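Got your viewer open? Let's take a walk through this one, a stop at a time.

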Amino acid sequence: MHKLIYFLKKVYVPLIFIVAEIAAIFVYAGSTPYSQAKLVGLSHYAFGWVESLFTEVNGYFSLRKDNIVLTERIAELENTINAYKSQVEDSFEIGIDLQSHQYIACRVVSNSINKSRNYIVVNKGLSDGVRIGMSLLSAEGYAVGCITNCSQNYSIATSVLNTALRVSARLSSDRSMGLVSWAGGDSRRLVFSDVSKYANIKEGDIVEAIDFSEYFPSGTIIGTIESATLNEEQTMYNCTLRLSADMSRLSNVILVDGRDIDQVRLLKSEPELPANHLQEPIVEQEQSEE
Amino acid sequence: MKKESQYILFVVVVLLSQILLFNNLTISVFLAPLAYIVCIIMMPLGTSPLKMLIAGLLLGIAMDITMGIGGLNVIATLPIAYFRRPILHFVASFSDVDSDGEVPTVRRIPRFYYYVVVMVVLHSLIFFGFEHLTTANFGFLALRFLCSTASTLAIVYFFIAIFTPKLSAR
């Protein structure tokens with residue numbers, strides 16, 4: 001109590017000043033409608049400022065909570081993206097890394113299926129970013145062809161129904177490799193040859209492009225096994241493959257740029273090393289002994 | 001006692017001049033001299049803060065009543081009365097504020113005119129700031145403030161020049 005009295009004794013003059021000043025402001029505020037409106041507006045502004053200051057300070061202290069909420073939200077969005085990714089992969093049925101490929105949607109301008117060497121013309125060309133070697137997939141993501149020539153606005157793809165095309169492929173079930181080609185004739189069937197006789201082939205097995213296929217992204221579905229027979233030497237299977245893409249109804253197709261294809265092609269085009277490149281230089285050794 | 005009565009006479013003369021003359025000046029809207037502040041400026045140096053505050057309050061109320069403005073003069077005069085000591089100390093470099101009951105003069109206060117100018121300018125600033133309460137039409141406000149402050153300063157100097165020799169005579 002004494003301390004309070006002592007404190008009041010020390011501060012009574014400033015206290016009286018503040019009280020008298022506030023009282024005078026109140027009297028002035030009530031004296032005219034103009035001063036009332038202005039002072040009320042100013043007081044609202046001042047209170048708003050103080051309130052926003054407190055809100056900002058409170059916001060700073062609640063940053064931790066906000067961070068947790070944001071992290072949870074990020075995780076949720078990541079899951080959503082992954083779900084969409086898997087949906088896209090399922091629809092394409094290609095187990096490939098989407099980020100390593102570029103996709104260009106285009107339309108088929110012309111498509112032949114009744115010749116031994118069939119081609120597909122699409123309405124996208126060099127100006128659209130198309131380049132030779134890009135894979136051509138059906139809208140469902142099945143293998144259709146491979147771009148072999150490009151003009152400014154159009155591109156030509158070698159169809160899988162081309163007897164000159166040989167595609168390295170494998171069984172998705174036991175990963176036995178073989179070679180897919182078209183023998184001509186039936187536009188719905190291909191040949192899956194040179195498959196090991198130890199492969200566990202069943203009807204309906206999916207045949208897909210291998211990891212380092214020159215023509216299609218890894219995992220691109222080509223067709224399903226219809227029948228399998230051993231060759232005359234009983235060493236390899238020759239299978240009849242039912243083409244997954246409906247080549248007679250191609251309309252919307254997708255161009256896929258496999259960014260590693262160029263490297264694969266480069267490696268394949270390098271001249272083979274001589275057969276004896278691992279042998280020791282015997283002649284030179286003998287000469288040195290002499 | 002004689003000095004006190006002289007100071008009271010000084011205050012009466014100033015207030016009468018303010019009420020009868022300066023409040024009724026219709027020369028221009030830009031001229032609104034608030035010469036009554038000289039009463040606070042010239043209050044004896046030894047006056048206690050509470051007395052200063054009461055004097056400021058009474059002066060403000062008196063001016064509000066005569067001018068017909070509710071509270072505006074009190075709002076402007078109270079801070080001047082309350083902050084006179086720090087102004088004397090920091091602006092006029094006068095540290096011996098509790099010395100005696102003498103009025104502030106050029107001879108007693110090292111920077112007396114700085115002190116007068118700061119007191120008048122602060123008072124006018126608060127008065128016209130609260131009178132307008134907005135920065136809209138700032139040119140008008142600034143001109144009114146400048147002209148009124150200048151006229152107030154001139155009148156304050158006039159009163160000081162007339163009464164200081166008598167008030168400070170020993």
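Start with chain B and colour by secondary structure: you should see 7 helices and 0 strands. Following the chain from the N terminus, the order reads α-α-α-α-α-α-α. Keep in mind as you click around that this is a predicted model. Chain B holds 170 residues, and 36% of them are buried. Look at how its contacts are spread along the sequence, too: of those with a separation of 6 or more, 65% link residues 24 or more positions apart.

**Stop two: where the chains meet.** Show both chains and select the contacts between them. You'll pick up 15 residues of chain A against 15 residues of chain B. On the chain A side, α1 (2-31) and α2 (33-61) each supply at least two residues. Which of chain A's elements gives the most to this side? Select α1(A), which puts in 11 residues. Colour the chain A side by residue type and you get 10 nonpolar, 3 polar and 2 charged.

**Stop three: the largest core.** Now select the largest nonpolar core, a set of 47 residues. Within this core, the residues with the most contacts are Y36(B), I37(B), V38(B), C39(B) and L78(B). Among the elements giving it two or more residues are α1 of chain A and, from chain B, α1 (2-21), α3 (49-67) and α7 (138-167). The largest share, 8 residues, belongs to α4(B). As general background, nonpolar side chains in soluble globular proteins tend to be buried together.

Centre on L78(B) and ignore its neighbours within four places in sequence. From chain A, its contacts are F17(A), A20(A), E21(A) and A24(A); from chain B, they are L53(B), G56(B), L57(B) and G60(B).

There's a second, separate core to select as well, with 42 residues, including C150(A), W182(A), V207(A) and V256(A).

**Stop four: a helix in the open.** Go to α2(A). Its 29 residues reach 42 Å from first C-alpha to last, close to the 42 Å expected at 1.5 Å a residue. Why does α2(A) lie largely in the open? Of its 29 residues, the number buried is 1, so that's how the helix ends up described.

**Last stop: the barrel.** Switch to cartoon on chain A and find the closed barrel of 6 strands, running β6-β7-β8-β11-β10-β9 with antiparallel pairing. On average, neighbouring strands here are turned by 40° against each other, direction ignored. Zoom in on β6 (residues 167-171) and β9 (residues 206-209) of chain A, an antiparallel pair with 3 bridges. To finish, click A169(A): its bridge partner in β9(A) is A209(A).

Methods:
Residues numbered from 1 in each chain as written. Chains lettered and ligands numbered in written order. Predicted model: local features only at pLDDT ≥ 70, side-chain atom pairs only at ≥ 80, totals over all residues. Helix = DSSP H or I, 4+ residues; strand = E, 2+ residues; numbered from the N terminus. Buried ≥ 20, exposed ≤ 12 C-beta atoms within 10 Å, placed from the backbone. Contact = placed C-beta atoms within 7 Å. Nonpolar A, V, L, I, M, F, W, Y, C, P; charged D, E, K, R; others polar. Core = buried A, V, L, I, M, F, W, Y, C linked by C-beta atoms within 7 Å. Expected span 1.5 Å × (residues − 1). Pairing = 2+ DSSP bridges. Axes fitted to C-alpha atoms, helices over the stretch in contact; angles between N-to-C directions.
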